[in-house]
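Biologist: I've just pulled this one up and don't know my way around yet. Can you walk me through some of it?

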Amino acid sequence: MMRSIGPQELYYLRMQRTREKTDKMEKSKAMRKLRVCVATCNRADYSKLAPIMFGIKANPDEFELEVVVLGSHLIDDYGNTFRMIEQDDFDIGSKLHTIVRGEDEAAMVESVGLALVKLPDVLHRLRPDVLVVHGDRFDALALATAAALMNIRILHLEGGEVSGTIDDSIRHAISKLAHYHACCTRTAEQHLIAMCEDHTRILLAGCPSYDKLLAAHHRDDYMDIIRNWLGDNVKEHDYIVALQHPVTTDIKNSVKIYELMLDALISFNKRTLVLFPNIDAGSKEMVRVMRKKGVEQHPNFRAVKHVPFEQFIQLVCHAGAMIGNSSCGVREAGAFGTPVINLGSRQTGRETGENVLHVRDADTQNKIYHALELQFGKRYPCSKIYGDGNAVPRIMKFLQAIDLDEPLQKTFCFPPIREWDISQDIDHILETQGALAIDLGGTNLRVAIVSMRGKIVKKYSQGNPKTYEARIELILKMCAEAVFDAVHLNCRILGVGVSTGGRVNPQEGVILHSTKLIQEWSSIDIRTPISDALHLPVWVDNDGNCAALAEKKFGHGKGVENFVTIITGTGIGGGIIQHNELIHGSTFCAAELGHIMVSLDGPECMCGSRGCIEAYASGMALQKEAKRLHDEELLEVEGMVDLKKAESVGAIHLINAARLGNSKAGAVLRTAGMALGVGIVNILHVVNPSLVILSGVLAAHYQAPVQQVIGQRALTSAQRIQVLTSDLEEPALLGAASMVLDYTTRRIY
């Protein structure tokens, strides 16, 4: 018989099991090494990463080091600097050629893309626990992006700092992707906290390169290093180190500053070590300027692609001055008290010591020359803003403290939101998203605010002016009024859609050939003036195509893969949806359905041809026949309104006369219905849609005769295709809006 366990014994048993479980977890953690991958992209970041790599390598019981090399390390023009990593006795696990040459903005983007293509395989193979990324280079952004998407923890070095150019944006983007931060200054730490980063995951470590430079800059052989790079006759504090990089957001100006700097240095007549710029966009132009000036052949200059960091420290430490825009000037040079002339905006916002003289508006050679006169040969107190020489031990302890059992998903520490702010969020949620739709008809110009669900929130209408200038002016005026009203209607306009008669190039937003009803409206770029005025994206298409798009999004065509829409109004037009896409044709005249010929010798059409559907069945064709019958006194029948009182005779009078038994009017309508029906049969035999939608004011009058002609004249397999009349009241406006709304929901247009 089993003895029952009392509550007190059960408590102690549970406590014992909990301790055993905890001990087991701690033992497991102690046995497991932290796999750290350090990725280096260029000579500059290696100088910061190398001390950490040595620190990891010195602790083999706790860490397992993997090294990935990419970027300009592997380019001959930049010194093949991966060799110095090998000379430091590090095993390089992967070498990734990720630089697309070109040294312009596009090449930088392509290099990021190439790195993102290659990195997943490497990271999947190495499976690091932590990836160490440095700084603000585009290569580092690719590394951080790949690691974040592959659920690898990221330690970011030197986050939170502020400088000029695109580097700021890249640095902060990497900080948002990173899980842990090792920053260099108290200000940088506060910036990271202000960016909502978790303060428990931020280490104020100092710059790792300071560990090396503060320990090694007092070398006995420094003069040998100086003479090796600058010649035998050079003296300590009697030479200049020049290092200028392109500013990617203002390449033209940065190249100009580089040229002025070289001119000033040539005039200053001191021995100068010029390092080649980095691989950023604009570097090719800077090298071109350097060679144009003959710097590589000039007796006072030594132009080099790379100097090992330990030797570079000695050269900067004992220089009479350093000039350019390298971060080394505002960071490392301060540790030695070396005078620095900082040119341009690249380091704007950096914390600097008193050794730095800024020439932010470096627009003349004389200004740079005067700065050299002020700084050259001075010595300043040593600054330790960026470190005290103990960064690596702090980072090692920080890495050891990483708990891999903690959730990988990082959390942000947002400041509390005041109560009155909540309503703003609710208003945004309840805000109606919509489009601005423009319909350019032969008579009227209409603008509407259309919601995402196809509701016309507000509509505006004016007569369509006869001249181009007046028409554009009115369009912009009406659109501006609609945009203003949209704010008060709590509707956010996502873009503008334009529906117009004639042939349109929707890719360029250009009206190629207009109908005769709209004057001065051919070869018109309608997209640019509207987009420039409203600062919104603009789509343009033919009114028939817009009607088809309206049916596809809001009408009978919703969910139908293949259908045809035919507009029966003043003219005849339409659009064809095939495999869920609108057909434009090679010269944008597909679906000119009104100009399908149904007779070789029919009435003349406005297009110049004869026998078109439009010449038989359009509102203008019916009006023409109505006037003919009226002039021959054959239109009026008993029960009709006295036509003498009517302002003009139109298609509606012809339809009413036929309904009241006028045989002549009935014959005209039968011919029109037959012509339209035969044209639609031709369409059925060419594109074989599953549905035909009749739209416009005459649609209801044509549905029955068209269906009858299809039953009589179409091939057997096409006779059952259904003809429906549209339920949409404003197909042109809704179609114009759908171009915008389909884009915002990422559907194909």
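Biologist: Which residue in strand 6 is the bridge partner of Leu 157?

Modeller: In strand 6, Leu 157 has Ala 182 as its bridge partner. Strand 5 (residues 153-157) and strand 6 (residues 180-183) pair in the parallel sense, with three bridges. Two strands count as paired if DSSP finds at least two bridges between them. The strands (E, at least two residues) and helices (H or I, at least four) are DSSP runs, numbered from the N terminus.

Biologist: Before we go on, what sort of model is this?

Modeller: It's predicted: local features need pLDDT of at least 70 and side-chain atom pairs count only at pLDDT 80 or more, while totals for chains, interfaces and linings use all residues. Residues are numbered from 1 along each chain as its sequence is written, and side-chain values use heavy atoms, with hydrogens and water left out.

Biologist: Back to those strands. What order do the strands of the open sheet come in?

Modeller: The order is 3-2-1-4-5-6-7, seven strands in an open sheet with parallel pairing. Strand 3 (92-96) and strand 7 (202-204) are at the edges with a single partner strand each, so one side of each has no neighbour in the sheet. From one strand to the next, the twist averages 20 degrees.

Biologist: And which strands does helix 2 touch?

Modeller: Helix 2 (residues 43-57) packs on the sheet and touches strand 1 (34-40), strand 2 (63-70), strand 4 (130-134) and strand 5. Its direction makes about 160 degrees with that of strand 1. Axes here are lines fitted to C-alpha atoms, for helices over the stretch in contact, and angles run from 0 to 180 degrees between N-to-C directions. Helix 4 (residues 105-126) lies across strand 1, strand 2 and strand 3, at about 170 degrees to strand 3.

Biologist: Changing topic: which residues does UniProt list for "binding site"?

Modeller: The unreviewed UniProt entry lists His 595, Cys 605, Cys 607 and Cys 612. They span 18 residues in sequence, but no two of their C-alpha atoms are more than 8.8 Å apart, so they gather at one spot. UniProt positions are given in the numbering used here, feature names are shortened, and annotations may be inferred rather than shown by experiment.

Biologist: Is Cys 612 buried or exposed?

Modeller: Buried, at 1% relative accessibility. The cut-offs are under 20% relative accessible area for buried, over 50% for exposed and partly exposed in between, using a 1.4 Å probe and protein chains only. Cys 605 counts as buried too, at 6%.

Biologist: What is Cys 612 in contact with, leaving aside its neighbours within four places in sequence?

Modeller: Among its contacts are His 595, Cys 605 and Cys 607. Contact means heavy atoms within 4.5 Å. With the same kind of neighbours left aside, Cys 605 is in contact with His 595, Arg 610, Cys 612, Glu 614 and Ala 615. Cys 605 sits in the loop between strand 24 (581-582) and helix 20 (613-617), and Cys 612 is in the loop between strand 24 and helix 20 as well.

Biologist: Which residue does the "active site" annotation cover?

Modeller: Asp 543, according to the unreviewed UniProt entry. Asp 543 is in helix 19 (residues 543-554) and is partly exposed, with a relative accessible area of 28%. Beyond its neighbours within four places in sequence, Asp 543 contacts Ser 499, Thr 500, Gly 501 and Ile 567.

Biologist: Ile 567 is in strand 22, right? How many residues of strand 22 are buried?

Modeller: Six of the six residues of strand 22 (residues 563-568) are buried, so the strand is largely enclosed by the rest of the structure. Phe 563, Thr 565 and Ile 567 are on one side, with Val 564, Ile 566 and Thr 568 on the other.

Biologist: Which strands is strand 22 joined to?

Modeller: Six bridges join strand 22 to strand 23 (residues 572-578), running antiparallel, and those two form a hairpin with three residues between them. Four bridges join strand 22 to strand 25 (residues 691-695), running parallel. Val 564 stands opposite Val 692 in strand 25.
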